[in-house]
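Work through the exercises below with the sequence and the model at hand. Each task is followed by its solution in steps.

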Amino acid sequence: MSRYMINTWEPETPSFWKRSGKSTADRNLWISIPALLLAFAVWMVWSVVVVNLPNVGFKYSTNQLFWLTALPGLSGATLRIFYSFMVPIFGGRKWTALSTGSLLIPAIGIGFAVQDINTGYPTMLVLALLCGFGGGNFASSMANISFFYPKARKGFALGMNAGLGNLGVSVVQFVVPLVITVGVFGGLGGESQTWAKAGASKAFWLQNAGFVWVPFIVLSTVVAWFGMNDIASAKASFADQAVIFKRRHNWLMCWLYTGTFGSFIGYSAGFPLLIKIQFPDVNPLEYAFLGPLVGALSRVAGGVIADKLGGARVTLWSFFLMIAAVVGVLRFAPHGDVAGNFTGFFCMFMLLFAGTGIGNASTFRMIPVIFLTERQRAAAGKGRPAEERAIVDANREGAAVLGFTSAVAAYGAFFIPKSYGTSIALTGSPDAALWCFVGFYVSCIAITWWCYARKNAAMPC
């Protein structure tokens, strides 16, 4: 038996948790967080790269640029469907190391491709799709961490893992604009390019947008392999986990998490290019990273708040906040001959990101509570063995649902940027897309209130 395998894991037992459970869980969490941060950075790197491609000579249309921004979301969401079930099959330690190491493929590929303006658009599309490896990692990472913590601490643990992991979106939008202006790797990183705009020119190393992550990915992969653990009781086949497709709450939470995380990752992917199109005189890379930063940090806070107030109540109010923020964005955006107000536009987006972050944490706090309550209700009065089995089954189902809902929600990284592009192509503005988002949030409010938040809800959480 591997020394990395934990054969007895009882986080709901206070004596076990205090003696050794907490320290082991925390170690796995703190190794998981930087690995997930790197995954998000690679997943969202195209949100920054596309803004700079025209400046170094690539001749792509606005719609083509939106496709490059959106495709990592499409592939990442699809991969999450499969990644959702990998931890119980392979083990959290092995899968974290393998999935983190896979990020080297798109990171190195982008570094070489952007150095040559003759690189074909199909090649760029393939590299954008490969960045979906980073998006897939979230599903397996969250499922893995959920096994380590007791019910009372899941909001905190999942909020920390996801919130600090989500910081990768902000980090990539902050770091890349800095590293592409200097020859970080010297001769090893390739020759500089010429950035030209409005008669001005300067040296540029756009390849650093990919290469800068390589040493950190290697380090994180090694640390995960030698520092994390697998849990024997978490082992399950795909058939064992497939029971979630029969669970009504799985599909309801997919809808709600699309409204929270799907919004966060979709707005993050499209924010830089949307700013550039709506406010051409503003440099989007000076501001865009702040949105994902606000969303990620508010997710950490949202996990703690949801543990105290209940996930459903916090989720409900986060959707009201998001609707108000979208209406504010529409109010301050440019319309026809009327110039927009960038300050108001930006502030409303910060409020929107805060709402998505809080809602991300609260919806994920709801999932393990729902499935634990459901399994415990079914085992009530059947004796201690049945009650213990209910906890194991609930943790397994809850982990699978955490991963699967994140897979469905991740399609927001594709649909939101693509909705912007389609709306602009058809109407000349993104307004139609934003109003559709408002309508979707209204449906999320109705589901949350009826199923989980009202006084006599069937599954209060």
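**Exercise 1: the largest cavity**

The largest cavity is lined by Ser32, Ala35, Leu36, Thr96, Ser99, Thr100, Asn137, Ser140, Ser141 and Asn144. This is a predicted model, in which local features need pLDDT of at least 70 and side-chain atom pairs pLDDT 80 or more, while totals for chains, interfaces and linings use all residues. Residues are numbered from 1 along each chain as its sequence is written, and side-chain values use heavy atoms, without hydrogens and water.

Task: state which helices supply at least two residues each of this lining, and how the lining divides into nonpolar, polar and charged residues.

Solution.
- Step 1. A cavity is a set of points on a 1 Å grid over the protein atoms alone where a 1.4 Å probe fits but cannot get out, and lining residues have an atom within 4 Å of a point.
- Step 2. There are 3 cavities of 30 Å³ or more, and the largest holds about 80 Å³; a volume is the space filled by probe spheres set on the points, which are joined across faces, edges and corners.
- Step 3. Helices H1 (14-43), H5 (92-101) and H8 (132-148) each give at least two lining residues. Helices are DSSP runs of H or I with at least four residues, and strands are E runs of at least two, numbered from the N terminus.
- Step 4. H8 contributes the most, with 4 residues.
- Step 5. The lining has 2 nonpolar residues, 8 polar and no charged. Here Ala, Val, Leu, Ile, Met, Phe, Trp, Tyr, Cys and Pro count as nonpolar, Asp, Glu, Lys and Arg as charged, and the others, Gly among them, as polar.

**Exercise 2: helix H5 and its link to a strand**

Task: decide how many of the residues of H5 are buried, and find the salt-bridge partner of Lys94.

Solution.
- Step 1. Buried means under 20% relative accessible area, exposed over 50%, and partly exposed in between (1.4 Å probe, protein chains only).
- Step 2. In H5, 8 of the 10 residues are buried, so the helix is largely enclosed by the rest of the structure. Among them are Arg93, Trp95, Thr96 and Ser99.
- Step 3. Lys94 is partly exposed, at 30% relative accessibility.
- Step 4. A salt bridge has a side-chain nitrogen of Lys or Arg within 4 Å of a carboxyl oxygen of Asp or Glu. The partner of Lys94 is Asp230, at 3.0 Å, N to O.
- Step 5. Asp230 lies in strand S4 (residues 230-231) and Lys94 in helix H5, so the pair ties together parts that are 136 residues apart in sequence. Asp230 is buried, with a relative accessible area of 2%.

**Exercise 3: two further salt bridges**

Task: describe the pairs Lys22 with Asp26 and Glu374 with Arg375.

Solution.
- Step 1. The structure holds 9 salt bridges.
- Step 2. Lys22 and Asp26 meet at 2.8 Å, N to O. Both lie in helix H1, 4 residues apart, about one turn of the helix.
- Step 3. An α-helix has 3.6 residues a turn, so residues three or four places apart point the same way.
- Step 4. Lys22 is partly exposed at 37%, whereas Asp26 is buried at 17%.
- Step 5. Glu374 and Arg375 meet at 3.4 Å, N to O. Glu374 is partly exposed at 21% and Arg375 is buried at 15%.
- Step 6. Salt bridges that share partners join Arg247, Glu374, Arg375 and Glu397 into one network.

Terms used
On a 1 Å grid over the protein atoms alone, a cavity is a set of points where a 1.4 Å probe fits but cannot get out, and a pocket is an open set with protein on both sides within 12 Å along at least five of seven lines; lining residues have an atom within 4 Å of a point.
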